[in-house]
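This report describes two pockets and three buried positions. The sequence and the model are shown first.

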Amino acid sequence: MFMRVDQLQAELPAPKAADPNAAAALQELLGGKYGEMSTLGNYMFQSFNFRSKSKLRPFYSLVASITAEELGHVELVSNGVAMLANGPDMPDGDAGDGGDISGAPFKDMTDIRLAASFLSGGGGAMPVNSNGVSWNNDFITTTGNIVFDLLHNFHLECGARLHKLRVYETVTDPTGREVCGYLLVRGSVHAHAYALALKKITGVEIEKFLPCPNIPLANIPEAQKYLDEGSHRRLYTWSPNDYKEIAGIWSNDEVALPDDPPGELEVVEGMPDGGKIHQLVGVPSAFTPDYAPEEMFEIAQKLYKKSL
């Protein structure tokens, strides 16, 4: 089962301005072929379908623990998309009604790349790629063959890193670049982990292919603080008691990749500290959360007080 914590895996800076087209580019990291919906779907169903779990526990634990992290990646990218689409919070933007809507307050949406993100989604994220094409389950591979699935996962993480770099080179706002910088580090960890798992099974030193594609993280300023704190060497269990067996694959005298800061690989029980979830202020003219939300806020406040 999964436990949810009301935080993001990393702290995202507030956007400088609304940039719906940058939000559309970031959608590729969510609903694209190599996006977080794909990595989540692959690892989640592979873990559900995993054969001989007790006998192959380290490999099962690896896929299962990374599944939990990918859930958080979906959440992180989704927040980044919504933040870029909406821009900085407007003080009291959710107060009163939407004003005179006959003036077409969203007329600028006719010129943005993904108008449906506003027309249907109210400025939020959706499981689509940068062109608005829906993510689909054809992107999921779960064969039951452990070597094939791990090799596919390695390929998936390498493809994801390449796409993250291209999105990074596309967006300029600090929110989008922070998402890319963090995920480039963590994607490198996952590719490294699957390479080591394949090495344990087959004896082939696939980690010599890494980094594949060749993306030295030292070239990404937004990745530096994560490298400095050792995130490139850490794999989390995402559980208080389970999945510790990943230490047989990750650690065990293995070390960081050559282009990354040196050090031994480390298994951390639990999860990273994370950061706060950005509050998206309501937009009454878009009926989010409603056209005149004061009564809703009053009801919610009463319910909150009753919970204390």
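Helices are DSSP runs of at least four residues, numbered from the N terminus. Under that numbering, Asn79 belongs to helix H4, which spans residues 57–86. The model is a predicted one.

**Pockets**

The largest pocket holds about 800 Å³ of space. Its lining comprises 28 residues, and those closest to the centre are Phe2, Met3, Arg4, Ala68 and Trp238. Two helices, H3 (36–49) and H4, each supply at least two residues of this lining. Helix H4 gives the most, with seven residues.

The second largest pocket encloses about 380 Å³. Nearest the centre of this pocket are Asn86, Met90, Val281, Gly282 and Val283, which are among its 21 lining residues. The table sets out the make-up of each lining by residue class.

| Pocket | Nonpolar | Polar | Charged |
|---|---|---|---|
| Largest pocket | 15 residues | nine residues | four residues |
| Second largest pocket | 12 residues | seven residues | two residues |

**Positions in helices H3 and H4**

Leu40 is part of helix H3. Its relative accessibility is 8%, so Leu40 counts as buried, the cut-off being under 20%. Beyond the residues up to four places away in sequence, Leu40 touches Thr67, Glu70, Leu71 and Val74. The C-alpha atoms of Leu40 and Ala68 are 8.1 Å apart, while the two residues are separated by 28 residues in sequence. Ala68 is also one of the residues closest to the centre of the largest pocket.

Which residues does Asn79 contact, leaving aside its neighbours within four places in sequence? They are Leu8, Leu12, Ile277 and His278. Asn79 is buried because its relative accessible area is 15%, and buried means under 20%.

**The annotated position**

The UniProt record, an unreviewed entry, carries a "binding site" annotation that covers Ser239. Such annotations may be inferred rather than shown by experiment. In the model, Ser239 sits in the loop between strand S1 (234–236) and strand S2 (266–268). Is Ser239 buried or exposed? With 10% relative accessibility, Ser239 counts as buried. When residues up to four places away in sequence are not counted, Ser239 is in contact with Glu269 and Gly270.

Technical notes. Residues are numbered from 1 along each chain as its sequence is written. This is a predicted model: local features need pLDDT of at least 70, side-chain atom pairs count only at pLDDT 80 or more; totals for chains, interfaces and linings use all residues. Side-chain values use heavy atoms; hydrogens and water are left out. Buried means under 20% relative accessible area, exposed over 50%, partly exposed in between (1.4 Å probe, protein chains only). Contact means heavy atoms within 4.5 Å. On a 1 Å grid over the protein atoms alone, a cavity is a set of points where a 1.4 Å probe fits but cannot get out, and a pocket is an open set with protein on both sides within 12 Å along at least five of seven lines; lining residues have an atom within 4 Å of a point. Grid points are joined across faces, edges and corners, and a volume is the space filled by probe spheres set on the points. Ala, Val, Leu, Ile, Met, Phe, Trp, Tyr, Cys and Pro count as nonpolar, Asp, Glu, Lys and Arg as charged, and the others, Gly among them, as polar.
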